[in-house]
Structures are given as structure tokens and as C-alpha cells.
Amino acid sequence: MAQPLLRAIDVHKRFGATEVLKGIDLEVQQGEVVAIIGASGSGKTTFLRCINLLEEFHQGEIQVDGERIGYTEGTHRRLGETAISAQRAKIGMVFQSYNLFPHMTAEQNVTLGLIKVQKRPKAEAVETARRWLDRVGLSERRGHYPYQLSGGQQQRVAIARAVAMEPKLVLFDEVTSALDPELVAEVLAVMQDLAKSGMTMLVVSHEMLFVREVATRVVFMEGGRIAEQGPPDALLVNPKSERLATFLGRFHGVFR
Amino acid sequence: MFEPGSFLYEAWAARYGLLAGLATTARLSGITIVIGSLIGILGGVALSYGPWPVRLLLRGYVDAVRGIPVLVLILFSYYGLALLGIQISPFTAGVVALGGFCGAHMSETVRGAIESIPIGQTEAGKAIGLTFWQRLRYVLLPQAIRRLLPPWVNTAVEMVKGTTLLSIIGVVELLLATQQTIARNYLVLQFYFAAGMLYVLVNFAISQLGALIERRTAHFRY
Amino acid sequence: MTYQFNFDVIFRSFDKMLAGLWLGLWLAALSLAIGTVIGLLAAYGRQSRLAPLRAVVWTYVEIIRNCPILLLIFFVYFGLPELGIFFLGKIESFVITLSIYAGAYLCEVFRAGLASMPARYVEAAKAIGLRPVQRQVHVVLPVMFRITLPALSNNLISLFKDTSLAAAIAIPELTFVTRQINANTFRVMESWLTASALYLVTCYAIAWLLRRVERRYAVIR
């Protein structure tokens with residue numbers, strides 16, 4: 001097998017005295033769509049945030065494309081601000097609460113990183129932004145400010161903002177949880193489209209139907225550890241562990 | 001109506017002194033607001049993100065200035081700076097005191113504005129790879145400035161009003177110019193009233209302008 | 001150059017400074033009390049159905065809030081005698097000015113307090129059959145005072161700092177006394193440092209005390 005795009009080795013993370021990640025080992029290959037499921041408090045969001053260095057972790061190692069993330073090789077000393085920013089630029093992230101910049105139009109939200117981080121010429125950045133806004137179905141709305149957009153539209157802009165930078169890996173952190181039910185589908189459709197195009201995605205989600213349909217692999221987290229993983233059909237339909245069965249039971253027989 | 005001793009006649013006679021006073025008031029207000037805003041932006045950013053010794057120092061400055069009456073700051077600055085051997089005009093002493101006062105209040109306002117921006121904005125900025133200064137420049141400050149506007153306008157009005165205190169150390173701004181006029185013609189009520197209305201008019205205009213801009217930009221806030 | 005600190009002269013006049021501080025506190029407390037009455041009446045006036053009354057109150061609030069207080073002090077102290085009002089001493093004149101000044105700011109505070117009053121309290125008061133005045137006295141006002149307590153304490157501190165302006169008409173409060181000591185002794189640093197420290201300590205003492213009161217009377221909205 002080729003070198004994995006993402007490799008997490010024994011990642012530990014504490015908040016004060018409580019250990020929220022108790023040793024996560026995970027490898028994600030280029031082009032995989034890995035869904036992380038689990039109850040709230042199981043550490044899935046924290047793990048995602050560690051990959052993008054929004055959280056510090058205390059032990060272990062995370063590599064993206066062979067490069068060690070956040071800490072100097074061989075030690076646990078944190079890299080400088082500039083180095084960390086550069087690493088984050090290669091990883092996209094979409095948040096539960098969209099976090100669009102409210103003082104910028106949809107297009108400006110997308111171009112900011114292209115111009116300021118990737119130093120691309122403005123015309124090229126605008127072109128790229130328009131292409132991506134078109135791809136998420138919002139070419140009509142590129143001049144709109146976030147307050148003029150629905151939640152689903154905002155989240156699609158946020159996805160465009162993340163993927164326009166052509167990251168090696170995109171992290172999706174419960175991106176549909178804050179949306180009204182009728183707006184969930186449009187966002188999932190965009191994500192499905194991206195998955196089909198071969199983008200490497202790590203998705204924390206509670207949308208089990210989406211997970212089953214789109215993910216190439218499902219990881220079940222429980223108490224800060226990976227409890228079970230495998231192909232979606234096997235894992236979701238025939239859970240091995242009692243706990244996963246209980247967890248899935250909450251989704252009312254969607255799969256059986 | 002225009003004979004000597006009437007308000008209009010005396011006002012016309014004193015026009016140069018009064019206009020010069022008004023100009024001094026405007027100049028004082030402008031300078032102190034600019035100095036105060038500069039201190040405020042630097043101070044506010046440092047209070048939010050600075051290393052702890054800087055934060056501690058600034059916190060001391062801000063809290064001290066906010067617990068001392070402006071007049072005491074002005075008198076302290078006027079008598080104190082002269083003592084340090086700095087040849088200083090009442091105007092400069094006044095600018096130092098009022099600028100420092102304005103800066104302390106603005107620092108606290110800016111800090112509050114920055115810290116009221118949801119953490120998700122910083123995280124989104126980090127996620128697309130912006131560095132600290134880029135996040136400040138493109139994400140946080142533009143939003144902070146919109147939040148700052150109402151308190152900033154209030155502070156500006158307070159500063160225009162505060163310049164009158166410099167009459168006590170002999171800066172001939174509008175209030176002292178008015179008093180000098182009154183000393184010649186004894187039209188106490190009329191001239192105090194007229195000067196008061198002038199202040200009210202200017203400050204009311206500033207407030208209304210601020211309210212207008214605020215309504216225009218209200219959408220871009222969380 | 002080095003400055004030789006010598007606090008001896010200050011200690012000799014320290015009782016005068018404390019007396020000045022005490023006077024300032026009284027001036028502020030008195031003005032807050034009168035200002036609260038003015039502010040409350042004005043806040044109800046702003047809610048009145050009578051348009052002219054609303055306009056009068058609005059004019060009062062806008063004029064006072066946009067006018068420098070020092071000018072108001074001079075206007076009342078030097079100007080009113082021109083209108084035949086001679087009976088005012090310095091202190092009365094100053095307290096009246098500061099009260100009118102405080103009233104305008106407190107009007108806005110109380111207006112916001114009344115506006116943020118949860119409707120359910122009034123409804124509950126209606127439900128148990130309280131008459132309109134009773135509703136105000138027993139329900140609305142007590143709740144509103146608790147809601148506005150933080151703003152009231154800020155106002156008291158501001159008023160206390162504003163009492164330093166009484167020095168301009170030679171009322172012997174702390175700033176005036178300090179200026180005298182400064183003029184008599186030439187101990188510039190010592191006198192102003194002491195005055196600043198006294199103001200600082202008093203302001204934060206008031207703030208601390210009132211925060212305890214706030215906690216005691218906090219309402220859950």
C-alpha cells in the first residue's frame with residue numbers, strides 16, 4: 001500500500017485532568033472518504049481539531065502526506081506560528097457553525113485564503129472562487145453577504161472556501177448539525193459530489209444514510225478510542241460490538 | 001437689537017475670540033481622539049493577545065486612569081510635567097492628559113470588541129492558513145471596528161465635552177473664550193447658553209452620524 | 001534630574017484631603033438620589049402617550065447629555081442669579097447641576113430597564129388583580145431597579161469622579177484641596193499622587209461594595 005495521506009499514531013489529548021483522546025491510531029489513504037461516528041463526547045471532533053492544530057495534543061504524532069504536523073521532528077516542541085499556518089493551509093476544514101466571515105461576500109470569503117495565504121494573483125483567485133461557487137450551486141450568490149444567505153447556502157460557501165485552496169485533505173466537523181432539516185440535503189449533495197471526484201475526506205457526521213452511501217470506511221469512536229472500523233455496510237448493518245449496536249439503535253432501524 | 005450691550009452686537013464684537021476658541025476646541029478634540037484611538041487599538045490588541053507582562057502593565061494603566069477624575073489627570077499632567085523640566089504649554093499638557101484618558105477607555109473598548117467576536121472566526125482564519133497578523137488584519141479588526149463604532153462615537157462626544165476642562169489650566173478653548181467675552185460684557189446667561197447650544201449641536205451631530213453609520217453596518221455583525 | 005519625594009507636608013494636610021473626599025462622596029450620593037427621582041420621572045415621561053411631554057423629555061436628555069458638565073456648572077452658578085435666583089450657595093448650586101446631569105443619564109438607564117422588563121411579570125401582577133399603580137410600585141420598579149443596578153453603580157462612580165469639577169467654583173472637595181496644597185507647598189508629585197490614590201481607592205471600593213449588593217439582589221430574568 002502506498003504511503004497513507006493521513007497517519008495518526010497513538011494520539012493522546014487531555015483537557016485538564018480528563019483524557020479525551022486515549023491513543024488514536026488511524027491511517028487514511030489518498031482518495032478515501034472516512035466517516036467518524038460515535039456518541040457526543042467520544043472525542044471525534046477533538047481528534048479532527050487536532051489534525052488541523054486547532055487543539056494541541058500531548059502525546060503521539062500526526063502526519064499529513066508524510067509531514068509531521070504541529071511539532072518539531074523527534075520532539076514534542078510546537079512549531080512556530082508561520083510553519084503551523086502553512087501546514088493548516090494544506091488541510092481544509094469545514095465547521096459545524098460555518099464560521100463565514102460576516103464582513104465579506106461569498107466570493108471574498110473564498111478568495112481571502114487564495115490571495116493572502118497562497119499569494120495567487122487576484123484575478124486568478126476570483127476565477128477559482130467563481131468556479132467553486134458554481135460547483136456548489138451558488139454562482140448567483142457570489143456577491144451576497146453571509147447574512148443574506150440561508151444556513152445551507154452559507155455552509156456551501158464554507159465548503160467552497162475550504163476546497164478552493166486545493167487541500168490534500170478536507171475535514172468536515174458535523175457540518176449539517178446546525179442546519180434546519182430541509183437544508184441538510186443540499187449540503188450533503190455537495191459533499192457527495194466532492195467525494196466522487198476523489199477528494200480525501202474525513203467526515204464527522206450523524207447522518208447515517210449519507211455515511212453509508214458515501215463513506216469508503218467507517219470509524220466508530222467511543223470513550224476517546226477507536227472501538228471498531230470497517231466498510232460501511234459491514235459496520236453499520238452488522239456491528240460486532242454491543243456498544244456500536246446500541247449507538248446505531250438510536251437511529252431507529254434505518255439499516256435493517 | 002444691534003445696539004451696544006445687546007447679545008448680537010456683543011457676539012459680533014467678540015467673534016474673533018469666540019471663533020478662535022471654537023477652533024481650539026475642534027483641534028483639541030481631533031488630536032485627542034486620534035491619539036486616544038491609536039493608543040486604544042494598540043492597547044486593545046495587546047490586552048487581548050500580548051504577553052502577560054505587557055497585559056499586566058496595560059491593565060494597570062487602564063484601570064488607574066479609569067479610577068481617577070479627568071480633571072485630576074489634567075492638573076497632574078499640567079503641574080507634574082512642568083516639574084520634570086519639560087517646558088510644556090497648557091495645550092500640550094491637556095493633550096497628554098486627555099489623550100491618555102481617551103486611550104485608556106478606548107483600549108478597554110477595543111479589547112471588549114475583539115473578545116466579543118466568536119472564536120469560530122479565529123478558527124476559520126486559522127483553518128485557511130492565515131497567520132496571526134493576517135487574522136487580525138483581515139478577519140478580527142474589520143469586525144471589531146464595526147462593533148467599536150457606537151462606543152467610539154460616545155467617546156468622541158465625551159472628548160469634545162472633556163476639552164472644556166482645559167479652560168481650568170488656561171487653554172483658551174470655546175468655554176474660556178466665552179468666559180473672557182462674558183468678563184467684558186456681563187451677558188452671563190446669553191453667552192453661556194449660546195456656547196452650550198453650540199456644544200449640543202456639534203455633539204448631537206456626531207451622535208447622529210454615528211447612529212447612521214451603525215445602522216448601515218449592522219448586518220455585518222454576528 | 002532626580003526628584004526628592006517628601007510626603008511630610010502631605011501628611012500634615014491629610015485630614016483636609018480626607019474631608020474633601022468625604023464632601024465629594026456626599027455630593028455624589030445626594031446628586032444620585034435627586035437624579036434618580038428626575039431620571040425615573042423622565043423615563044416615565046418618555047413612555048407617556050402625550051407627544052409634547054415625550055418631546056420635552058427628549059430635549060432635556062439630549063441637551064444635557066451633549067453639553068459639557070463644566071459649562072452647566074457655570075451656567076447654573078453664574079447664570080441663574082441673573083434670573084433672580086440668588087438664594088443658591090455654591091454647594092446647592094453644584095448639587096442641583098449634578099442632579100440634573102445625572103437625571104438625563106439615568107433616564108436612559110431606566111428607559112432601557114423598563115424596556116427590558118419581561119412581560120410575564122406584569123402579566124402575573126395583572127393576574128393577581130393589582131391595579132396599574134400597584135403594579136408599578138410593587139412589581140415593575142423593584143424588578144427594574146435590580147436589573148439596572150450595575151448601570152446605577154457605574155453612574156455613581158462617574159458622579160463621584162465628576163465631583164472633582166466642583167473645584168472650578170471653589171467648593172473644597174478633594175481636587176480643590178489638593179490644588180491648594182500644591183500651591184502652598186510646591187510638593188507637586190506628592191499632592192497629586194496622593195489625590196489620585198485616594199480617588200482610585202474610593203472608586204474601586206465603591207465598585208466592590210456595589211458588586212456585592214448586585215450579587216445579593218441579582219434577578220434571574
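Start with the contacts inside chain B of this predicted model: of those with a separation of 6 or more, 76% are made by residues 24 or more positions apart. With chain B still selected, colour by secondary structure and follow the chain from its N terminus, where the elements run α-α-α-α-α-α-α-α-α, a total of 9 helices and 0 strands. If you then reduce the display to the C-alpha trace, chain B spans about 75 × 45 × 25 Å along its principal axes, and buried residues make up 45% of its 222 residues.

Next, add chain C and turn to the place where it touches chain B, a contact that takes 31 residues from chain C and 27 residues from chain B. On the chain C side, the elements that give two or more residues are helix H3 (51-66), helix H4 (69-79), helix H8 (174-185) and helix H9 (188-217), and H9(C) gives the most, with 9 residues. Colouring this side of chain C by residue class shows 21 nonpolar, 6 polar and 4 charged residues.

Finally, hide both of these chains and select chain A, which is divided into domain 1 (17-90 + 169-256) and domain 2 (101-166). The centres of the two domains of chain A, taken over C-alpha atoms, are separated by 24 Å, and the contact between them takes 11 residues from domain 1 and 12 residues from domain 2. On the side of domain 1 that touches domain 2, select helix H6 (residues 181-196) of chain A, which gives the most to that side, with 5 residues. By class, the residues on this side of domain 1 of chain A divide into 9 nonpolar, no polar and 2 charged.

Conventions. Residues are numbered from 1 along each chain as its sequence is written. Chains are lettered from A and ligands numbered from 1 in the order in which they are written. This is a predicted model: local features need pLDDT of at least 70, side-chain atom pairs count only at pLDDT 80 or more; totals for chains, interfaces and linings use all residues. Domain bounds come from an automatic or database domain assignment. Two residues are in contact if their C-beta atoms, placed from the backbone, lie within 7 Å. Helices (H or I, at least four residues) and strands (E, at least two) are DSSP runs, numbered from the N terminus. Ala, Val, Leu, Ile, Met, Phe, Trp, Tyr, Cys and Pro count as nonpolar, Asp, Glu, Lys and Arg as charged, and the others, Gly among them, as polar. A residue is buried if 20 or more other C-beta atoms lie within 10 Å of its own, exposed if 12 or fewer, and partly exposed in between; C-beta atoms are placed from the backbone.
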